[in-house]
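Reader: Could you take me through the salt bridges of this model, please? I would like a close look at that one part, with the cut-offs spelled out.

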Amino acid sequence: MNDVIVAMENINKSFPGVKALDNVKFELRSGEVMALLGENGAGKSTLMKILSGVYTRDSGTMSIFGKEYEDLTPKQAQEVGVAIIHQELNMCKHLSVAENMFLGREKRGKLILKNTEMEEEAKRILDDLKIDINPKQAVGELPVSKQQMVEIAKALSINAKILIMDEPTSALTAKEIEELFRIIRKLKENGCGIVYISHRLEELQHIVDRVTIMRDGQYITSMNFADTTMDQIITNMVGREIKEKFPRVECKKGKKVFEVKNLNAGRMVRNVAFSVYEGEIVGFAGLMGAGRTETTRAIFGVDAKESGEFYLDGKEIKINCPMDAIRAGVVLAPEDRKKDGLCTKLSIRDNLTLPNLDLVCNKLQVVDNRKEKELCDKAVEDLKIKTPNVEIDAGNLSGGNQQKVVVGKWLARDSRVVIFDEPTRGIDVGAKVEIYNLMNKLKKQGIAVVFVSSEMPEVMGIADRIIVMCDGRITGEVMAETASQNEILTLATSFENKMIKDN
Amino acid sequence: MNGNKKNPLKQVLAIRGMGATLTAFAGLIMIYLAFGLINSTVFTGQNIMNLLRSMSKYLLIGIAQSYVLITGNIDLSIGSMVGMSAMIAATLMTLGVNPILAIVITLICCLAVGVVNGFLVGKFKLPPFIATLGTMFVTRGIAYMVNGNRNTDAIATGVGKETADNFQNFFYYGTTLGIYNTFWIAIVVFLIFFFLLSKTRTGRHIYAIGSNVDAAKLSGVNVVATTTKAYLVSAICSCIVGLILCAQAGMGNMEAGNMYEMYGVAAGVIGGVSPLGGTGMLLGTLAGASVWQTLENGLNMVGAQVGIQRIVIGIIVVFAVLLDVVVRTGQIGKKNKNAK
């Protein structure tokens, strides 16, 4: 058995309001690829950020190459030999490959940089890995896969022995994945330990030796990959009981309200088609990056799309920009409240009336204060927005109340379809229930509700029908009452099998 | 991909910012020839001399602003530093201080402004537009106060006619090898800072923090020091331009250098320096300053009014950036699909 090169024990880490890691342990041996698995928010990234010095732990011990370490800075971690290859690549895209690889530790004579020498060494490292990249090329001109290779080469050039790869294959094609795996195998032979974080379970068999599974900030288990099955892994990933209670309302399913056909918008929205009926809430489940947010944005007309047909109450509607969607009665409460949902520095009143100025203005486009007040008072009352008055900055409200303002913007109009993208993210339990009740209320009024959420229990508890997406495609549809978490997660991780497709 | 090696032209074009630089130089030649054909005095030796001298100031200002722009920041205090430099140098000399000592003191004052800029932006993370807007007002205020809210007398009244002439000749009126000294000063400064930016670690770090400050920091680049160095280069160049203006007038003018920070942006941007940071080279700035001055000179020669000159410069700046955007993305005004 190979030496243990990383041993983390009893790691605890809290962020305000969340216990991100709870007594987690982790072990990595030299010459192995360890898959670190878990759903979004299981604490994988947090744990790896502690190992690479980005975060500091609250308590627990960490030893690397048998030596105990207190809190590390990213630079110290690098010196010890830990390198992390981020999901969103961290490179200076204007600089060349060699320049990036030697950034911060350039070779130089007395004054002048030894460019040729650095380029040669970069070339040597790249050749070693059999990567065909010209070290003089600007990183920004390379395809993402090659940029990733450069990051790996950079890590090796600083003699990293512990490589953390966060979703390294998400942006790669089959051929490129092949290439990456070849390099990973080579690193393994050289005695590097590799932590491999991925949601693409079907890839694991090609590369992984052991797996560690985390769930809700806790260490669940670790085992040899060969001794386990995919079902076992998935069960361990989701195996929580649903604790919270969800207020479900039964309605009679009515006529079809909204239908989307043949929606395509880039890689993240491919051939999406679904319909929503009166009196039902349709949930969208999937892992982060599955293309759900992109789908909602494409429907709402925010991002350009290649194709797509929309039918509202049987009539075709054209949506080319958000204004089209709003006029037709299809509205979106976006994922990122602070960025896309609200003008945080404007008052609640300003926010509520922003998309409804056509309703509250008179013929001369002057705002009618009386109508505006009516509209705001109604929204505050209907949605139970907790605020002393509507002149307070929207940014000062709690998350739940902010969410209510976002929704309130749309309810003043007679909307037919309301799309909620992660409406409960970052808000407390009580406020969550109010949001659920709000969705139920819309459902009872016959408004079609689309509910996107990454939290499986809440989708299963609130939605009537669940559409699962993975990698830009709809991979399945289940009825909430009969579906199991395992079933949904299996659908959510059914990536196209790139490894075989290429042959 | 490795075909680059075989094609020398491609290899040259692959150098950061070379494309825009070559475009600007091509534009320069065309503009020069066009005006020359309209009015042949454009080609006379005296005009070329004047052109090189007027271009020199803008080159220095362009270098100042380009360094800061490449780090992804901006320096609005350049013009005020020019004014302060001219006023401090002139005031000291009217008081009889030896010119060399006066220059040293002036330089120290400008460097102090550079350090303040660097710390406000690098260390305290103020938006550079605001931080240097502040120092712009303060520095201009100092320029006013140096001599009690009025322009200085002729420097000859303090240091004597001979010393004053020497000072003025050194920076402005004298020639070496038949070309005005101003040009030689600008070229020496240009070469030093060209070298610093393209061949040294500091230069590399300046590009890196302009390209991706987080990646640079995670790679161990000292962001505060690098930012400050860029502002110091800006301060040094501004100081020299102030001295040139002082020598030109033979006195200190409180309003000297007004708007120069924007001229610096124009020179840099015409030459392909991106205001978003990370790209551009000083050769481009040289081309940019030359295009601009050739244009101004040519328009003067054909009798165009100042108003026309300004309008043309404005159009050229916008056009240069638009061209850059079109070349890079291959499209105009289309929404970037991969924006998210």
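Author: Happy to! By the rule used here, the count comes to 37 salt bridges over all chains, where a salt bridge is a side-chain nitrogen of Lys or Arg within 4 Å of a carboxyl oxygen of Asp or Glu. As general background, side chains of opposite charge can pair when their charged atoms come close. Please keep in mind that this is a predicted model, in which local features need pLDDT of at least 70 and side-chain atom pairs count only at pLDDT 80 or more, while totals for chains, interfaces and linings use all residues. Residues are numbered from 1 along each chain as its sequence is written, chains are lettered from A and ligands numbered from 1 in the order in which they are written, and side-chain values use heavy atoms, with hydrogens and water left out.

Let us start with Glu32(A), which forms a salt bridge with Arg210(A), the closest N and O atoms being 2.9 Å apart. Glu32(A) lies in the loop between β2 (18-29) and β3 (33-37) of chain A and Arg210(A) in strand β9 of chain A, so the pair ties together parts that are 178 residues apart in sequence. Helices (H or I, at least four residues) and strands (E, at least two) are DSSP runs, numbered from the N terminus. Glu32(A) is buried, with a relative accessible area of 6%, and Arg210(A) counts as buried at 9%; buried means under 20% relative accessible area, exposed over 50%, and partly exposed in between (1.4 Å probe, protein chains only). The pair also belongs to a network of salt bridges that links Glu27(A), Arg29(A), Glu32(A) and Arg210(A).

A second pair in chain A is Asp313(A) with Arg416(A), whose closest N and O atoms are 3.0 Å apart. This pair links distant parts of the chain, 103 residues apart: Asp313(A) is in the loop between β14 (307-312) and β15 (315-317), and Arg416(A) in the loop between α15 (399-411) and β17 (417-421). Asp313(A) counts as partly exposed, at 34% relative accessibility.

Next come two helices. The side chains of Arg349(A) and Glu372(A) meet in a salt bridge at 3.2 Å, N to O. Arg349(A) sits in helix α12 (residues 348-353) and Glu372(A) in helix α14 (residues 369-383) of chain A, so this pair ties together parts that are 23 residues apart in sequence. Arg349(A) is partly exposed at 23% relative accessibility, whereas Glu372(A) is buried at 5%.

Now for the boundary between the chains. Across the interface of chain A and chain B the rule finds two salt bridges. Glu99(A) and Arg204(B) meet in a salt bridge through their side chains, at 3.3 Å from N to O. On the chain A side that touches chain B, α2 (74-80), α4 (115-128) and α9 (292-300) each supply at least two residues. By class, that side has 13 nonpolar, 10 polar and 12 charged residues; Ala, Val, Leu, Ile, Met, Phe, Trp, Tyr, Cys and Pro count as nonpolar, Asp, Glu, Lys and Arg as charged, and the others, Gly among them, as polar.

For the wider setting, 35 residues of chain A are in contact with 30 residues of chain B, contact meaning heavy atoms within 4.5 Å. The two chains bury about 2800 Å² between them, 50% of it on carbon and sulfur atoms; buried area is the accessible area (1.4 Å probe) that two parts lose on being put together, summed over both.
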